[in-house]
Structure formats: C-alpha cells, structure tokens
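User: I would like to learn how to read the place where two parts of one chain meet. Could you take me through an example step by step?

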Amino acid sequence: MPEISIIVPVYKVERYIKKCVDSILNQTFKDFEVILVDDGSPDNSGRMCDQYANEDARVRVIHKKNGGLSDARNAGIDVARGRYLGFVDGDDYIAADMYQILHNAIIQADAQLAICGIYDVYGDEKPKKKDLFYKELNRDQATKLILEGNIISVHAVNKLYARRIFQTLRYPVGKYHEDSYVILDVLNQCSRIVVDSRQRYYYVHREDSINTETFSEKQFDFIDAWEKNEQKLVNASPALRHAAHQRVCFANFLVLDKLLNGQAETKYPRHLKAIVHYLRSNYFFILRDRIFTGARKVAMTALMLSIKCYATAIKLHRN
C-alpha cells in the first residue's frame, strides 16, 4: 500500500491539469498514489486523467457525476489506500519537495497533521514570500491559530493528514468554503500538529474561481461555517471562545466586502441588514481585538455612521 494518497478533484481544469499532475508525479517523495476524481467535467479533463493513468501506475482515476468539490474529495477519500492523505486542487500545483517536507515533519513530530505554507498566485504577479517558522502545536494551540487566521490557514490543500482523521469525517456536499466547515473537526482528532511554513503549495486564483467570481448567495456559507464553529467551542477556554467570536466577525467583514465589491447589496437587503447589525453590535469587541488591523477598525467606525462611509474607508485603504 502507498504511504500517501493524494486526492485531486478535477472539474473544468483542462488548461491547468497537466501542470498540476506533473508537479505531483515529480515529487521527491516517491511512495504515493494519485487519485484523480473526474467530477463529471464537460471538457477534456477526464480524458487527460485517463491518459495519465495509462502512462503511470501510481495514478488512479474515478469518473463520477458532478457533485462539487466536497463530493469529489469524499469520493477520493472513500477509495484511498494510503497511511496519510493529501489534497491538491486541479488548477493548482506544488513544489517538488512538498510531500517530502510534510512527511518528514509529521513523522519526526509524531503528529497527525502537518501543514506547509502557501503561495497565492495571481496571474503574472510574483507570489509574495512570507516569514519562515517551525511550530509543533497541541490541539488548542493549533485551533487558536486557525481561528486567528494570520499564521495557519484553513485550506485543505497544504496539509498532510493521518488517514484515520477521515475514518468517519467527510466534507459537506453543496457548501462553499467547505474547508471552514470541517477544520475544527479535523483538529479535534489531532493531539499534535506540526507547521513548517515554507511555501510549497501554489494556490492559483483564477478569474472564474470561487474567490474571484461575481457575488453569489453561496458566499453566505462563510458566515454560516464560522458561526457553527463558534458553537462547537461554546465550552472551550475563554481564549478560544474569544478567537472563535473574532473569526465570526471577520467572516461578516469578508462577506460584506464581497457584497459591496460585487455591487450586490441591493440584491440581498436582508442579508446586508443582518451583517451590518451584527458588526455594529460588536463594535467595541472589534476595536479592542488585537487581530483586527487599524485600517479595519477605522472602517468599522465608519460603518457605525453608514454603509457608504464604510465602503469609502475600505476603498481608501486599498488605494
């Protein structure tokens, strides 16, 4: 059996899939299988997957009816044989030593989860480098950092998981921001988490991706996910409860910004009213919280006056 199963959901990624799969097959760590999950893709992606399987015995292909990213990941989890699991999205790519670094870290730290850094790739822009660090964390420490969002991200893709984490856990089908829904359940099954911040995953921000598309109602899932996470931590330590509440505030800010950027505020007046009310009711919490930047606090103060003032403050900060 392979040491690692690498699961790749594939849907409308004909332009990207070769770079993605080649980067996996060229890993310096060799003991792995690649599970390409063709999620009913209408382009040539599925046929390209089959070609890889014909040429490389490490590649397995699943063809299934379209069910979305979570459903595709779940289908890969169901058939995975590895001791550890990894996820790579079909339009992204990875450095040649990513899984070597993650595997070394998870073994040496006797951990159940290993995390590396991410490069955000926007077109021809040069990806930004981030600070280097190495941390071995317990569950509560990792949870706090995930909630704060500045050091560890919720992304599924820059991680190596002990397979037993997914013995019963699956991604929520039909939800956007599926990583946010499951991250606390993942951490809850870990006693030790290791972070090597070297950026080895290249996260490609496509023009038509979930993060850059015209605003849709599904974006409200981001708030829903973090509200559910806050409920999961209702009996946790004061520090974790504070961090969870901060993350819900951040989720409301993010969705509000996307609503305004997409000029969709008139389309979702009820949601807009609820978000503004929530943020205003947490004004003093936000001002006192150390995670929110000075610019965000200024914008929050502007929101106390009007949505128009908030939008102007956000725009001035970006410029």
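**Reading a domain interface**

Analyst: Polar contacts are a good place to begin, and in this predicted model the rule finds eleven residue pairs in polar contact across the interface of domain 1 and domain 2, both residues of a pair being at pLDDT 80 or more.

User: Which elements give two or more residues to the side of domain 1 that touches domain 2?

Analyst: They are helix 5, which covers 139-148, and helix 6, which covers 178-188. Helix 5 gives the most to this side of domain 1, with six residues.

User: How is that side of domain 1 made up by class?

Analyst: Where domain 1 touches domain 2, its side has seven nonpolar, six polar and five charged residues.

User: How many salt bridges are counted between domain 1 and domain 2?

Analyst: A salt bridge pairs a side-chain nitrogen of Lys or Arg with a carboxyl oxygen of Asp or Glu, within 4 Å. The count between domain 1 and domain 2 is three. As a case to look at in the structure, the side chains of Asp 185 and Lys 232 meet in a salt bridge, with 3.1 Å from N to O.

User: Where do the two domains lie along the chain, and what area is buried between them?

Analyst: The domain assignment places domain 1 at 4-205 and domain 2 at 217-317, and the contact takes 18 residues from domain 1 and 19 residues from domain 2. About 1700 Å² is buried between the two domains, and carbon and sulfur atoms give 61% of that area. Taken over C-alpha atoms, the centres of domain 1 and domain 2 are separated by 28 Å.

How values were computed. Residues numbered from 1 in each chain as written. Predicted model: local features only at pLDDT ≥ 70, side-chain atom pairs only at ≥ 80, totals over all residues. Heavy atoms only, no water. Domains from an automatic or database assignment. Contact = heavy atoms within 4.5 Å. Buried area = accessible area lost by both parts, 1.4 Å probe. Polar contact = N/O pair within 3.5 Å; in protein donor to acceptor, adjacent residues only side chain to side chain. Helix = DSSP H or I, 4+ residues; strand = E, 2+ residues; numbered from the N terminus. Nonpolar A, V, L, I, M, F, W, Y, C, P; charged D, E, K, R; others polar.
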